[in-house]
Amino acid sequence: MRAVVTRVSSASVSIDGATVGAIGTGFLVLLGIGPNDTQAQAEKLADKICGLRVFADEAGKMNLNLAAVGGALLVVSQFTLYADIKSRRPGFTKAAPPAVAIPLYETFLDLCRARGFQVEHGAFGADMAAQSVNDGPVTIWMDTETL
């Protein structure tokens, strides 16, 4: 699994002009799923993201996690994180097909909720418009193969 995690002061996602998910302080998570990804990888990624200490403490150091700041997550499916860019037109055959990706996407959402967080999301496979106010900016790329 791959994720791009951005610390935000606010973020939202809309479909056909209607907002379907919105958060204040927290993380905008663009989540990509590969064909061989497993529930164990979803658990590992949820642990890493939910425990990520990138919020400022009283000394201004990135030392606090999502729980410490009362943050939330906005998770948006992003198959393009598995783009093959050998040519000028990306290919996406390295992304998991929906039959594999949808259950793992939903598992990831449930795992984050089980850790006590508000989790907003888009709709898997929909044409979505995401907006965010990056805080920092702080943006971190993660891949479960290297965690």
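**Why these labels? Helices, rings and burial**

Author: Helix 1 and helix 2 cross in a right-handed way. Keep in mind that this is a predicted model.

Reader: Why is helix 1 called oblique to helix 2?

Author: The two axes cross at roughly 40 degrees. Under 35 degrees would count as roughly parallel, and roughly perpendicular runs from 65 to 115. The crossing angle fits neither range, so helix 1 is oblique to helix 2. As for distance, the axes of helix 1 (residues 39-51) and helix 2 (residues 98-114) come within 9 Å.

Reader: Which residues make the contact?

Author: From helix 1 you have Gln-39, Ala-42, Glu-43, Leu-45, Ala-46, Ile-49 and Cys-50. Helix 2 brings Leu-104, Thr-107, Phe-108, Leu-111 and Cys-112.

Reader: And how many of the residues in the contact of helix 1 with helix 2 are nonpolar, polar or charged?

Author: Nine are nonpolar, two are polar and one is charged. Glu-43 is in that contact, and Glu counts as charged.

Reader: On to the rings. How many aromatic pairs does the structure hold?

Author: Three. One of them is formed by Phe-79 and Phe-92.

Reader: What makes Phe-79 and Phe-92 an aromatic pair, and why is it called edge-to-face?

Author: Take the distance to begin with: the rings sit 4.9 Å apart, centre to centre, and the cut-off for a pair is 6.5 Å. Then the angle: the planes are 80 degrees apart, and over 60 counts as edge-to-face. So the pair gets that label.

Reader: Where are Phe-79 and Phe-92 in the chain?

Author: Both Phe-79 and Phe-92 are in the loop between strand 6 (72-77) and helix 2, 13 residues apart.

Reader: How do you know that Phe-92 is partly exposed?

Author: Its relative accessible area is 31%. Buried means under 20% and exposed means over 50%, so Phe-92 lands in between. Thr-80 is found in that loop between strand 6 and helix 2 too, and at 33% Thr-80 is also partly exposed.

Reader: What makes Asp-16 count as exposed?

Author: Asp-16 has 80% relative accessibility, and the bar is over 50%, so Asp-16 clears it. You'll find Asp-16 in the loop between strand 1 (2-15) and strand 2 (18-23). There's a backbone quirk to look at as well: phi of Asp-16 is near 50 degrees, a positive value in a residue other than glycine.

Reader: Then why is Ala-11 called buried?

Author: Its relative accessible area is 5%. That is under 20%, so Ala-11 counts as buried. Ala-11 lies in strand 1. Setting aside neighbours within four places in sequence, its contacts include Ala-22, Ile-23, Leu-28 and Leu-74. Ala-11 and Ala-130 are 119 residues apart along the chain, yet their C-alpha atoms are separated by 7.3 Å.

Reader: How do you know that Gly-71 is buried?

Author: By the same test: Gly-71 comes out at 9%, which is under the 20% limit. Gly-71 is in the loop between strand 5 (62-64) and strand 6. Leaving out neighbours within four places in sequence, Gly-71 is in contact with Thr-25, Gly-26, Leu-66 and Phe-117.

Reader: Which kind of peptide bond joins Gly-136 and Pro-137?

Author: A cis one, with omega at about -5 degrees. Look for Pro-137 in strand 8 (residues 128-143).

Note on methods. Residues are numbered from 1 along each chain as its sequence is written. This is a predicted model: local features need pLDDT of at least 70, side-chain atom pairs count only at pLDDT 80 or more; totals for chains, interfaces and linings use all residues. Side-chain values use heavy atoms; hydrogens and water are left out. Axes are lines fitted to C-alpha atoms, for helices over the stretch in contact, and angles run from 0 to 180 degrees between N-to-C directions. Helices (H or I, at least four residues) and strands (E, at least two) are DSSP runs, numbered from the N terminus. Angles under 35 degrees count as roughly parallel, over 145 as roughly antiparallel, 65 to 115 as roughly perpendicular and the rest as oblique. A crossing is left-handed if the near helix is turned anticlockwise from the far one by less than a right angle, and right-handed if clockwise. Contact means heavy atoms within 4.5 Å. Rings of Phe, Tyr and Trp (its six-membered ring) pair if their centres lie within 6.5 Å; planes under 30 degrees apart count as stacked, over 60 as edge-to-face and the rest as tilted. Buried means under 20% relative accessible area, exposed over 50%, partly exposed in between (1.4 Å probe, protein chains only).
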